[in-house]
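Here are a few exercises to help you get to know a structure step by step. Have the sequence and the 3D view open, and try each task before you read its solution.

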Amino acid sequence: MKAWDAIIIGGGHNGLVNACYLQRAGLDVLVVEKNDWVGGAATSRELTPGFLYSNCSYVCSLFRPEIMRDLELPRFGLQVISYEGGAVFTRDGDYLANYRDHDAHRREFARFSKRDAEAYDRYARDVTRQCRFIQPLLMRTAPDPTSLRPRDLGELLYLGKKFAGLSAQEMALTLRFWTMSISEFLDEYFETDVIKANFALSGIIGTALGPMSPGTAYVLLHHYMGEVDGSVGAWGYARGGMGAVTKALAASFKASGGTIRTGAEVDHVLVGRGKAKGVVLAGGEEIYGKLVVSNADVKRTFLKLVEEKELPDIFLRRVRNFKIRGSSGKVNIALDSLPEFPALPKDSPVYRGDMHFTDSMERMERAYDDWKAGRWSADPFLDMVIPTTLDPTMAPPGKHFMSCFVQYAPPRIAGAEWTDADRDGFAESVISQIAEYSPGFRDRIVHMEVRTPRDIEAEVGLTEGNIFQGELTFDQLLFNRPVPGYAQYRSPVGGLYMCGSSTHPGGGVMGAPGRNAAAEILRDLAKSTSHMSPAHDVI
Amino acid sequence: MAQAIRKKPVSKSVNAAVSARIAAQDHFRTLRLGTPFQPRIDALAKTQDWYNWAGCRAPHSLWDEELEYFAIRSQAALFDISPMTKYRIEGPDAEAFLDRVTLRDVTKLKPGRVHYTAWCDDEGFVLDDGTLFRLSPKRFRLCSQERHLPWLLDSAIGFDVTVEEETEAVAGLALQGPTSFAVLRDAGFAGVEKLKIFDLADFPHDGGTVGISRTGFTGDLGYELFVPADKALSLWDRLMKAGVLRGIRAIGYTALNRARLEAGLIVANADFTTAEHAIRADRLRMPDEIGLGFMIDLEKGHFNGRRAILETRAKRKLRHMLVGLEIEGNIPAEHAIVYHKKSQEVGLVSAAMWSPMAKRNIAIASLARPYGDTMVEDLWVEIYAMRELQYQKLMKRAKVVARPFIKLDRRTANPPADF
């Protein structure tokens, strides 16, 4: 019976990144994916003829350029296009746009507040400083603070030195950033509600917290530390939809000799004498491997795929308590023409950016109140993009694909499972919000896919549909992610590793967890990591 | 109340403030705005050589950057300074407020006078430098490179003062050069001869007034004129008409930049990085580190950054020194690295040129103390001169010299010379 050198459970972007690096190190690697396609939450699917849907993740910034280069992803078709900005529509018939041009950005803010327009530089400076502090940590394994191993001490020293290198003011800001609410953080810079709402959205996306919940300031940072080809903080569209990322990864993996099996759902991990020996598929087929790497989130991995008896009690309790709460859903729409927004001039670049309708902090927080009560938000927060305004490959000319990220959507409705009627109600809250700003919007809809946390969990496998495989609050970051003592991609089961977004540095289509996990695995195997670029310098 | 907000539909009936806000949306179509003088400048822009000055389309040159420089030094040069940030600061506490915000003693600045000043954050790092015009006992205008409205408004808490940004409402012109006085007199600004250096007065113009100060950025005889935006073109025409016989020429920034370097003046975010824009913490600068220590008035009461500045001075923790350099040879040393004993890197040149007026190769550089402070011997600059796709590497001796690099008697002469 063949024993693979490594079996990767799940063909999401991190699973594939991990697989690519291991295969390129000379291992014989198998990726098993339950769906008939790879991609996890980074997919492009033709759900109606002629339209490609980025039906989970929909924009790209965090994916590390070092990984794109190492794995030759451009050769396999990956192209990321920066987009142009965006806007928040206001209830008085106006909008607040974000323009790429620095002076246009200032003039736009000055329409609402001259003061806030001139406050932006200080805000941008502080956020940029914090991003520069965190960026180099993304591609490093978090040190174990209780360990006396030279490597951990070295990494702790690195972290300490970086922190000590900050000025007193910056240190204070760092601590505030990691602990404050985004609302309070923005209060330090801005006075205008819509301007705060404009920035706050990055602090709540994918998180079961409101803008007034402590810890949300860091979530904002997480969305700012990406880049598009050196333009730090910029976001773009993957040409061909987000599936282009995983398509390129899969092609790179295969080109280096790797094997992918789709339609192969793992029922459980085979464990013998405390060591992973392979996986058992849902149909009963056993596949043997010298090591197993799980791209699934930490709950799914250890509460569903590994028998409890193989795991220490405290570890299990911490996994159970790890916060992977469902907070968002998606409505993906095929349109037969570009929607019009009367508030927006026809030639506005905003059509090519991200659009939002939540123009106050209070509306955002009240949307969260609904979540706490176990309801989808009656007045949801939308992050809406029309990638086909820049990407001609996703829909026929003149037709468009629209992606609406929707928050908040609870994992259960008032304690009960989502029903199809609930799903329809959730979709209606989104469509009616858009239609309020875009008359005739409903008539343009050709096809629509509605994804509640239930649907996302069922299809993608993300627990409660949480897009980050675990919230990005400080208690769940660095050496606490996902579980203290197990933050270095290893687990209590020998030969069983984690490589998903539940691990450091967390979620978003970043690829860093998959890459860092590969580095740790290769270290355990005493294999070279010379094919892995270190993090680009931050100068 | 909150529920009411949530249920309220998108409103079609909007109030005047909202209408004005909506009417301003279309700025996105013009990323580089024209200034109030743009029609005249466009008509003269033979080189079409533009740059972005604070979101405005400003000329690098109009017809010939070298000849434009000589217009400053020989005749009268007209330069549009409208994009400069301007704040109107007014109220019973305006003097006390500005005394608290800026480094110099504002109580010594009399109405009708102007001074060059700078202001710091609480840690003593320079936010910007600029000119402060005292228009009346209770009214000031602060001009600067960068924007500071939040800083000024936050600092104004507890003072009876209003701060208003008026950059676009007020147009500005610099008229610089030996014949600039004659141009103004011939244009009919009676009494302009009474203005001594740093004096300021209002003169009638086109049914309103123009504020004229004997100030400038060239180290030459010169004036700056501020006028409401709607009177800008008539002012331009009045000056150009009067200046025909005095050789008046409009110029772009490259020429002005040469003149300012000869005058030894520094430019924010060219010769130092302003505190609100410094991403890297070690780029922050205290006034003493960029040659602005002379502004600090410890006799006056508290001002922003005073404590930090005093402590840094007392502990001798100043780390940088901005100096003027005279470099052998005639190859400009722009952005060259400065060495001690040709080997140890001690600083960087931020601006450099061959000075036609001084006939010397001059530069402004930032050095790591004690270099430039107590260690001024054996300094060198390494010039990488690109010549036909090859670097000619030159190691040239540099001498620390006092600024300004040129001193022109006509700048301060009273009455001003009538050429």
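**Exercise 1.** Which residue in S2(B) does B:Tyr51 stand opposite?

*Solution.* Keep in mind as you go that this is a predicted model.
- Step 1: Find the two strands of chain B, S1 at residues 49–53 and S2 at residues 56–61.
- Step 2: See how they run: S1(B) and S2(B) pair in the antiparallel sense, over five bridges.
- Step 3: Look across from B:Tyr51, and you meet B:Ala58.
- Step 4: Now follow the chain through the turn. The two strands form a hairpin with two residues between them, and B:Ala54 in that turn has a positive phi of about 50 degrees.

**Exercise 2.** Describe the overall build of chain A, and explain how compact it is.

*Solution.*
- Step 1: Take stock of the elements: chain A has 17 helices and 22 strands.
- Step 2: Compare two values. The radius of gyration of chain A is 22 Å, close to the 24 Å that the globule rule gives for 539 residues, so chain A is as compact as a globular protein of that length.
- Step 3: Add the extent of the C-alpha trace, which spans about 65 × 55 × 45 Å along its principal axes.
- Step 4: Check the burial: 57% of the 539 residues of chain A count as buried.
- Step 5: Turn to contacts with a separation of 6 or more. In chain A, 74% of these join residues 24 or more positions apart.

**Exercise 3.** Which element gives the most residues to the largest nonpolar core?

*Solution.*
- Step 1: Locate the core, which has 170 residues. A:Leu221 and A:Val245 are among those with the most contacts inside it.
- Step 2: Name the contributor: H4(A), with nine residues.
- Step 3: Note the domains. At least three residues come from each of domain 1 and domain 2 of chain A.
- Step 4: Zoom in on A:Leu221. Leaving out residues up to four places away in sequence, A:Leu221 touches A:Val127, A:Gln130, A:Cys131, A:Ile134 and A:Phe177.
- Step 5: Look further afield, to another core of 116 residues that lies apart from the largest one. B:Cys120 and B:Leu367 are among its members.

**Exercise 4.** How many residues of each chain take part in the contact between chains A and B?

*Solution.*
- Step 1: Count both sides: 34 residues of chain A are in contact with 30 of chain B.
- Step 2: Find the main contributor on the chain A side, H4(A), with 10 residues.
- Step 3: Sort that side by class, which gives eight nonpolar, five polar and 21 charged residues.

How values were computed. Residues are numbered from 1 along each chain as its sequence is written. Chains are lettered from A and ligands numbered from 1 in the order in which they are written. This is a predicted model: local features need pLDDT of at least 70, side-chain atom pairs count only at pLDDT 80 or more; totals for chains, interfaces and linings use all residues. Two residues are in contact if their C-beta atoms, placed from the backbone, lie within 7 Å. Helices (H or I, at least four residues) and strands (E, at least two) are DSSP runs, numbered from the N terminus. Ala, Val, Leu, Ile, Met, Phe, Trp, Tyr, Cys and Pro count as nonpolar, Asp, Glu, Lys and Arg as charged, and the others, Gly among them, as polar. A nonpolar core is a set of buried Ala, Val, Leu, Ile, Met, Phe, Trp, Tyr and Cys residues joined through C-beta atoms within 7 Å. A residue is buried if 20 or more other C-beta atoms lie within 10 Å of its own, exposed if 12 or fewer, and partly exposed in between; C-beta atoms are placed from the backbone. Domain bounds come from an automatic or database domain assignment. Two strands pair if DSSP finds at least two bridges between them. The radius of gyration is taken over C-alpha atoms; the globule rule is 2.2 Å times the number of residues to the power 0.38.
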